[in-house]
Amino acid sequence: MRISVIHGPNLNLLGVREPEIYGRVTLEEIDARIGELARELGLEVETCQHNSEGEIIDAIQRAGVQADGIAINPAGYTHTSVAIHDALKAVAIPAIEVHLSNILAREDWRQRSMTAPGCVGVIGGLGADSYLLAIRGLRALIEGVGA
Ligand code: DQA
């Protein structure tokens, strides 16, 4: 089973970016934890980070032909991107939207996700664990055993 993890804009700055909201864990550390989980569960997991919308859409389309599921943190594009929503709907594999913070407890404009309707579910507010839970959820979903 192959899972594609897509990190959106500014997530390359984790560790130094607004640590009071996003914590001190770097993206490299998150990817290392994802790698450990992948080994534990026997999954092939590929991670990537893109700052631009087009590159995220390319990554979703690639995953659509190469992977069985997507865990995506669209970051700032969560709240604005019709095109990422459409890409998620266009591929035949399931996606879970991931957020480090609880977007529902933040600014009004951040509480709306344009991209979540293109996903089977959303996990947020648990820091790096949000990614790990999304991967476990995708595995259960793809295997058809329920989480
Ligand atoms: C985020 C939440 C978004 O609102 C924000 O723009 C991000 C990170 C999160 O993981 O909590 O960049 O997606």
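Start by selecting helix α5: S130, Y131, L132, A134, I135, G137, L138 and A140 are its buried residues. Keep in mind as you look around that this is a predicted model.

Color those positions and turn the helix slowly. An α-helix has 3.6 residues a turn, so residues three or four places apart point the same way. To see what the buried residues of α5 pack against, show the strands β1 (2-7), β3 (69-73), β4 (95-99) and β5 (121-124), and add helix α2 (27-41).

Now try the distance tool on the C-alpha atoms at the two ends of α5, residues 129 and 143. They are 21 Å apart, and that agrees with expectation because 15 residues at 1.5 Å each should span 21 Å. Step just past the helix and you land on G144, which has a positive phi, near 75 degrees.

Next stop, the ligand. Select R17, Y22, N73, A75, G76, H79, H99, L100, S101, I103, R106 and R110 to bring up the residues around it. What mix of nonpolar, polar and charged residues makes up this shell? Four are nonpolar, five polar and three charged.

Zoom in on the ligand's oxygen atoms for the polar contacts. Pick S101 and look at its side chain: an N or O atom there is 2.6 Å from a ligand oxygen. At L100, go to the backbone instead, where a polar atom sits 2.8 Å from an oxygen of the ligand. Then pick R17, whose side chain places an N or O atom 2.9 Å from a ligand oxygen. Finish by switching on the surface: of the 320 Å² of accessible area the ligand has on its own, the protein covers 97%.

Conventions
Residues are numbered from 1 along each chain as its sequence is written. This is a predicted model: local features need pLDDT of at least 70, side-chain atom pairs count only at pLDDT 80 or more; totals for chains, interfaces and linings use all residues. Side-chain values use heavy atoms; hydrogens and water are left out. A residue is near a molecule or strand if one of its heavy atoms lies within 4 Å of it. A polar contact is a pair of N or O atoms within 3.5 Å; within protein, one must be able to donate a hydrogen and the other to accept it, and residues adjacent in sequence count only if both atoms are side-chain atoms. Accessible areas come from the Shrake-Rupley method with a 1.4 Å probe; for residues, only the protein chains shown count as cover. Ala, Val, Leu, Ile, Met, Phe, Trp, Tyr, Cys and Pro count as nonpolar, Asp, Glu, Lys and Arg as charged, and the others, Gly among them, as polar. Helices (H or I, at least four residues) and strands (E, at least two) are DSSP runs, numbered from the N terminus. The expected span of a helix is 1.5 Å times one less than its number of residues. Buried means under 20% relative accessible area, exposed over 50%, partly exposed in between (1.4 Å probe, protein chains only). Contact means heavy atoms within 4.5 Å.
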